[in-house]
Amino acid sequence: MNKPADLPAAAKEAVAATPFAVAGKPLPHESAALHVAGAAPYTDDIPELAGTLHAALGLSPLAHGVIERLDLDLVRAMPGVVAVLTAADIPGLNDCGPLVHDDPILAGEAGATLRYLGQPVFIVVARTREAARRAAALAKKVVIAKPLPPVLTAEAAHAVGQYVLPPMHLSRGNARAAIAAAPRRMQRRIELGGQEQFYLEGQIAYALPAEGAGMKVLCSTQHPSEMQHVVAHALGRAANAVQIECRRMGGGFGGKESQSAIFACCAAVAAARLGRPVKLRVDRDDDFLVTGRRHGFVFDAEVGYDDAGRILGAEVTMIANAGHSADLSGPVMTRALCHFDNAYWLPHVALHGYCAKTNTQSNTAFRGFGGPQGAFAVEMLLDSIARELRLDALAVRRANFYGVKSNNVTPYGQTVRDNVVDELVAELERTSGYAKRRAAAAAFNATSPVLKRGVALTPVKFGISFNVVHLNQAGALVHVYTDGSVLVNHGGTEMGQGLNTKVAQVVAHTLGVPFEAVRCTATDTHKVANTSATAASTGSDLNGKAAEDAARQVRERLAAFAAERFGGRAADVRFAAGQVTAGAPGATTTLPFAELVQAAYLARVQLWSDGFYATPGLSWDRETMQGNPFYYFAYGAAMSEVVIDTLTGESRLLAAHLLYDAGRSLNPAVDIGQVEGAFIQGMGWLTMEELVWHPQTGLLTTHAPSTYKIPCANDAPAEFVTRLFRAGEADHPAETIHRSKAVGEPPLLLPFSVFLAIRDAVSAAGGHRTDPPLRAPATAEAVLRAVEVVTSVRPEVSKGP
C-alpha cells in the first residue's frame, strides 16, 4: 500500500517547489496520534454527568402487524427501570423522516401498524445500560399484535405496485426504436444486494437538559442540523432551544446522515420527560435491526448494440428496496438513474426507477448514494455484450466512452466538460500490465482444471454535488488569537475521512501559518447554523471553501494593517511559514505572524470572521430529470486480477492497481487512504457482505459480525498499487478548493473490477461459452452456483458431413 513517502514523483516535486505551502502536503490525519493511542474521545467516552440515566429500545417482534395492546407493567417492574415511554409521551411530532413525514420515532399505541421486525415501539430508561437492555428485551412478550402478511422483497412490492414514492423516469431519444433497429439485442436481469455500513462506533446519543427548556445532544451524526430539526420537532420546541454537537464519529458511511435521528429523538424525549441526562447507545445487533443500509437493487434491462459492442439503445427498470419509509430513497434513486451512464455515451435511453415499499428497515444513504448501483448495471451489461461478441471487455468499454468534443452530453442534459477517462484508462492499462495479465490468465486457465483466474479493468465517472441544489452550501468561523494560534469551526463532521485535517490545511495555507497552529473544534449547531450533511463527497469542497473565505477576510484585514504600519501595498504583503513580510520594495520588514496579530489587536482590528460558500452553476428539475446537478465529475479506474476455486466457490483478489483523479490533491496521503479504503469497502459489498431476511418472519438473520462478514486486512491483495492521476501536474477545470477533487465516494466504484474479474474467472471455467449468471455479492455460494451453470453447457460439436 502507498505511504506518504511513496507519492508519485510529480506530487513530490509539487510539494518541494512550495516548501512553505501547507495545502497539498501529505500530512498525517490531525487525530492520528490520538487514534493509535486510544485517546481520541468519541461520544461514549465523554464523562457522564451525575444522575445520568440510560435508555434502550423495545423493538417490534413482527415484520408486519397491528398493535392490540402494550403490556408495559412487566417492563416497569424490572430492576433499575425508572420509566417506560411510548409514542404518547412524545410532546411534539412523532416523526423523524428527513424528507417525507412517514417515519415514526416510535410505532404508536393500540391500533398502530408495526412496519418491520426491529421497529422501536417503546423506550426503557433505567439506572444502568444493562438494566435498560434487559427490560427492553421483554418487547417480545409485551408487544401484543395481530400479525399481517409481510412484503419482504423489492420484486414482491413492485408486483403489487407498493412504493414509498412515485416512480421516476429519465429518458433521451427513442430507446425502444433504437433497440428494435439495432443489429444485436440482449435482455438481462441483474441482482445487486444491499450493504450494512458497519461503522465501528455504533449509533449513540447523549441528551443533556439545559436551562430555559433547552436541550443539548451529543450525537454521533453526519448531519447535526437535521438532528437539531427533528429533536426540536419531537420536543415541540424552537430550533434555537436545541444544540447538537459532534466532535468525531467512528465511521458513518451514510448510516449516520438521517438514521441517527431515532436515537437523538429518543434520548432527548426521555431527558426532557425526566429532567435528567439520558444516554442511548445501542449494541450492534439492535443497530442492525433498527437502522437501514445501502439499497439493494434489481435491474431488468434490454439493450441494442452493434458488432463493436456500442450500445445504441437501452431500457432499464430499476427496482430498489426502500424499506418501510421513504427516508432518502428519492435522491438515492435519482443518483442511480443519473449514474447508469457511468463513463459511457448512451444515445437512446429509457430508465425507470421504482422505490419499493417493504416490511424491512428503511434503507438510506451509503457511500455513493445510489451511484454505485446505477453504474454497476451498465458495467454488467457491457461485460455481457463483450462476452457475446467474444471481444475483450475493455475494448467494448472503450468503444462506448464519452467523447471530448462530441458525444459528451449525459442523458440528463449535462455536458461533460472535464473528460479524462480515455487518457486515464490508457495509463492504467499500460502501468498495470493489463494485456500481459489477460494473456497469462488465459495460459494459466488452460492448464488448471480447478483454479481459474480472471482479469478486469473498469472506469469510473462520478458526479460531485448534492442532487438537491440548496444543500450545496457551507459556513465556517475562523478565530485568530493574540498568540497567533487559530481556531476553526465549520459545518462538516469528522468521521475519520480527514475533513478536519484538510480544512486546517486550507486555513493554515491561507494565513501562512504552520499546520500545527490551527485547531478544528467540534461541529456545533450553535456555532455554524443551517449546515448540510457531510455527504455526497462534498465535505472538503464546501467546508474548505467556506473556511478559506473566513481566513481570507482575516488575512486581508491583517494585510491592510501591515501596509498601513510598514508601508507598501496591502496586496504585496506576504504570509508564509509563520512570518509576515510587508513594506515598500527594498524596505521590507519581516516579523512573526503572532507579533503582527498582537499589534493588530491593540489597534482594534477584527481578528475573526465568518465564511460562506455556495457551489455555483447548479440546476435540477426533478420533474423532467434534466439539468446540471453536478459541479464536476471525478474519474478513476481499477484493474483487478482474481483466482477462484471451482470446487468451493472461494475467490481471492491477487492484484489491484488503482488510478484516481484527485485533481490537485489537498492531502495526497489522506486521499490515497480514502481511495484504498473505498476500494476494500466496495469489494466487500460485491463479494462477501450478504444480507438475508427470513422469508416468513422477516427477521434480518445477518445482524451481527458472526453472520455478516466484512473484509479484513487479509482480504487486501498482496499486490496493491494506488496512484493519483497526473498528481501535481495540472489543474482540473472547476474552481474547487485549491483545484482539488472529491475522494469520498467515487473510489467505491473501482471494485467493480473485482466482481467482473471473478465473473471472468467463472466464465473461464466454462470455456467462455456462456454468460455467467453471477449475482452480487459474489459469495462462495454464488460463485459455485454460477460455475455449475457455465460448466453444464456443452461445447458445440460439429457432426461433420
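## Packing of helix 19 against helix 20

In this predicted model, helix 19 and helix 20 are oblique to each other, because an angle counts as oblique when it is neither roughly parallel, roughly antiparallel nor roughly perpendicular. Helix 19, spanning residues 668-687, and helix 20, spanning residues 752-765, pack at an angle of about 40°, and their axes are 8 Å apart.

On the side of helix 19, the contact is made by Phe-679, Met-683, Trp-685, Leu-686 and Thr-687, which meet Phe-752, Ser-753, Val-754, Phe-755 and Ile-758 in helix 20. By residue class, the contact of helix 19 with helix 20 divides into 8 nonpolar and 2 polar residues, with no charged residue in it.

## Aromatic pairs across the chain

The count of aromatic pairs comes to 15. One of the pairs joins Phe-198 and Phe-288 in an edge-to-face arrangement, at 5.8 Å centre to centre and with 75° between the planes. This pair links distant parts of the chain, since Phe-198 lies in the loop between strand 8 (184-192) and strand 9 (204-210) while Phe-288 belongs to helix 10 (residues 284-290), 90 residues apart. Both Phe-198 and Phe-288 are buried.

A further pair involves Phe-376 and Phe-755, whose ring centres are 5.3 Å apart and whose planes stand at 65°, so that the pair is edge-to-face. Here too distant parts of the chain are linked, with Phe-376 in helix 12 (residues 371-389) and Phe-755 in helix 20, 379 residues apart. Phe-376 has 1% relative accessibility and therefore counts as buried, and Phe-755, at 0% relative accessibility, counts as buried as well. Phe-755 is also among the helix 20 residues that meet helix 19.

Beyond these pairs, one aromatic cluster is formed by Tyr-412, Trp-620, Phe-630 and Phe-633.

## Arginines over aromatic rings

Two arginines are placed over aromatic rings. The charged end of Arg-294 sits over the ring of Trp-685, at 4.5 Å from its centre, and Trp-685 is one of the helix 19 residues in the contact with helix 20. Arg-248, for its part, lies over the face of Tyr-42, 5.8 Å from the ring centre.

## Burial of helix 11

Helix 11 (residues 329-338) is largely enclosed by the rest of the structure, because 10 of its 10 residues are buried. The buried residues of helix 11 include nonpolar side chains such as Val-332, Met-333 and Leu-337, but Ser-329, Thr-334 and Arg-335 are buried in this helix as well.

Notes. Residues are numbered from 1 along each chain as its sequence is written. This is a predicted model: local features need pLDDT of at least 70, side-chain atom pairs count only at pLDDT 80 or more; totals for chains, interfaces and linings use all residues. Side-chain values use heavy atoms; hydrogens and water are left out. Axes are lines fitted to C-alpha atoms, for helices over the stretch in contact, and angles run from 0 to 180 degrees between N-to-C directions. Helices (H or I, at least four residues) and strands (E, at least two) are DSSP runs, numbered from the N terminus. Angles under 35 degrees count as roughly parallel, over 145 as roughly antiparallel, 65 to 115 as roughly perpendicular and the rest as oblique. Contact means heavy atoms within 4.5 Å. Rings of Phe, Tyr and Trp (its six-membered ring) pair if their centres lie within 6.5 Å; planes under 30 degrees apart count as stacked, over 60 as edge-to-face and the rest as tilted. Buried means under 20% relative accessible area, exposed over 50%, partly exposed in between (1.4 Å probe, protein chains only). A charge sits over a ring if NZ of Lys or CZ of Arg is within 6 Å of the ring centre and within 35 degrees of the ring normal.
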